[in-house]
Amino acid sequence: MGLLPVPGPGMEFMAVDITPLEEWIAAGLGAGSRRLTREALDAWHLKKLKETIALARSKSRFYRERLARLSEDRLCDPGDLRLFPFTTAADIRNDPGSFLCVSQDEVSRVVTLHTSGTTGPPKRVYFSREDQERTIDFFRCGMSVLAGRGDRVLILLPGGRPGSVGDLLAVGLERLGAVPVAHGFVRDPRATLDVMERERIDVLVGVPTQVLALGKTSSGRAAPRNVLLSTDHVPASLSGELRRLWGCEVFSHYGMTEMGFGGGLECGAHSGYHMREADLYFEIVRPETGEPAAKGEWGEVVFTTLTRKAMPLIRYRTGDRSRFLPEACSCSTVLRTMEPIRSRVDAGVSLEGGGAVSMADLDEALFPVRGVVDFTASVTRDGTVECLRLQVRTVGEPAPGLAEEVAAALDAVPAIRSARARGLLRVPVRVRRWEGVSGETAKRSIADGKNRKGSGYEHFQELGSPAGRW
């Protein structure tokens, strides 16, 4: 247990329980009742990295070729992993079967990921029953931060198929003694709020923008005690809105399908993600060079699986931008803490006259605006002037003047404010009523149409909330 400073006269401190992930990881390392140490984690990482590389080189056709001149003998320290090449999403899309290290009979679940805006084959990620068992146990442990025995947890994620993320989460919750309530994506906010009231929901887990739509529709009713936001980057403004609307505590989770769904989770200190270090080895690298980032430096998140049997991945580039916090978490864990991820490494779209705008910039500016629950964005060119085109979605019928309010809120983004003041940027805004999710969802990002012929507003591709990132 650590101490968290509470702002106010005469500095006060609030006790914060150490993340339960530490005890879970210690048990996985065979530490027993001993307190986990970084030395024990380093030794575990070196051992499991060597095992993973040996497995991949002997069983995976992809890694047999990729690592033909490298072996686990090159590793004397976990940091030596920098000597090994990266694995990319394109590698998986090109030939997912070449990554398999088990027979098809041993594959328990195959997840197909269709990436928005990408032509060609989708990514396919394979899991064995043992792989999925590790995810279930991680969910059981991680959810203990938010839920306890008897708590009713609404799962606003896909869960209709065995082995889907919602199904694995439900099994983990049952082992925790909580009561999972399957739901799926939010398609009608009022209907989902009715479910929350009828089922007496204590905790809910869902997509950030969809949960925000619930909060802004609710008028305070059906307020859960705790909320876990997953599947996409979690803007600080969005979490703040939920706390204001419901008076609940808001946690965020970081993970993606390639990680086995779970990667890291906040503790009660809310200072960042504590990582799933028994099963995954994380690095932060400079995206331009691939070299390791300095301590505390921002870069791209890269991970290597440590316990995966069906489809191990070595130095997989996520495209997410973050850093390891140099200071220890106030909960006193020895686990590393990763800064909450706000954007992709390639998320910025450059603007005329210098500067750039990212989805994270727009998130922080727009989610506090009354009624706004989601939006899509595109940067196009109209003659000599660039256009940041927004389609904003609101709960209920759009209020009069909301488009102007949205445009004004963007002045909080320096690059936008500067370009508009110099007459280099227009911001056309369309406002629509949010009607819930229909069909599959895609990752939220800014569409850059400046260099496409005929990239006017009529060709704007709408993007929804993210899929494949859990």
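**Entry 1: a parallel pair**

I started at Asn226 and looked for its partner: Asn226 stands opposite Glu249 in E9. I then looked at the two strands as a whole, keeping in mind that this is a predicted model. Strand E8 covers residues 226-229 and strand E9 covers residues 249-254; the two run parallel and are joined by four bridges.

Next I wanted the sheet around them. E8 and E9 belong to an open sheet of eight strands, and I noted the order as E6-E5-E7-E8-E9-E10-E11-E15. The pairing in this sheet is mixed. Which strands stand at the edges? I found strand E6 (179-182) and strand E15 (337-338) there. Each has a single partner strand, so one side of each has no neighbour in the sheet.

**Entry 2: the four-stranded sheet**

I moved on to another open sheet, this one of four strands in the order E12-E13-E14-E16. Here the pairing is antiparallel. I marked its edge strands as E12 (280-285) and E16 (343-344), each of which pairs on one side only.

I followed E12 to its partner, strand E13 (residues 299-305), and counted six bridges between them in the antiparallel sense. One pairing I wrote down by residue: Val285 has Glu300 of E13 as its bridge partner.

**Entry 3: the second largest pocket**

E12 came up again when I turned to the second largest pocket, where E12 gives the most to the lining, with four residues. Helix H2 (38-59) is listed beside E12 among the elements that give two or more residues to this lining.

How much space lies in the second largest pocket? I have it at about 620 Å³. The lining runs to 29 residues, and those nearest the centre are Arg38, Phe282, Lys295, Phe324 and Arg336. I sorted the lining by class and got 15 nonpolar, five polar and nine charged residues.

**Entry 4: two packed helices**

I then checked how helix H5 (residues 129-143) meets helix H6 (residues 165-176). They pack at an angle of about 55°, and their axes are 8 Å apart. H5 and H6 are therefore oblique to each other. I also looked up the hand of the crossing of H5 and H6, which is right-handed.

**Entry 5: cavities**

How many cavities of 30 Å³ or more does the structure hold? I noted five.

The largest cavity took me straight back to the helix pair, since H5 and H6 each supply at least two residues of its lining. H5 has the largest share of that lining, with four residues. The volume of the largest cavity is about 140 Å³. Of its 13 lining residues, Phe139, Met143, Leu169, Leu228 and His253 lie nearest the centre. By class I have ten nonpolar and three polar residues, with no charged residues in the lining of the largest cavity.

The second largest cavity holds about 80 Å³ of space. I found 13 residues in its lining, with Met259, Arg276, Asp279, Thr307 and Arg308 nearest the centre. H5 turned up here too, giving the most to the lining of the second largest cavity, with three residues. Which classes make up this lining? I sorted the residues into four nonpolar, four polar and five charged.

**Entry 6: a thread to keep**

I am closing with H5, which packs against H6 and gives the most to the linings of both the largest cavity and the second largest cavity.

How values were computed. Residues numbered from 1 in each chain as written. Predicted model: local features only at pLDDT ≥ 70, side-chain atom pairs only at ≥ 80, totals over all residues. Heavy atoms only, no water. Pairing = 2+ DSSP bridges. 1 Å grid on protein atoms, 1.4 Å probe; cavity = no way out; pocket = protein on both sides within 12 Å on 5 of 7 lines; lining within 4 Å. Points joined across faces, edges and corners; volume = space filled by probe spheres on them. Nonpolar A, V, L, I, M, F, W, Y, C, P; charged D, E, K, R; others polar. Axes fitted to C-alpha atoms, helices over the stretch in contact; angles between N-to-C directions. Parallel < 35°, antiparallel > 145°, perpendicular 65-115°, else oblique. Left-handed = near helix turned anticlockwise from the far one by under 90°.
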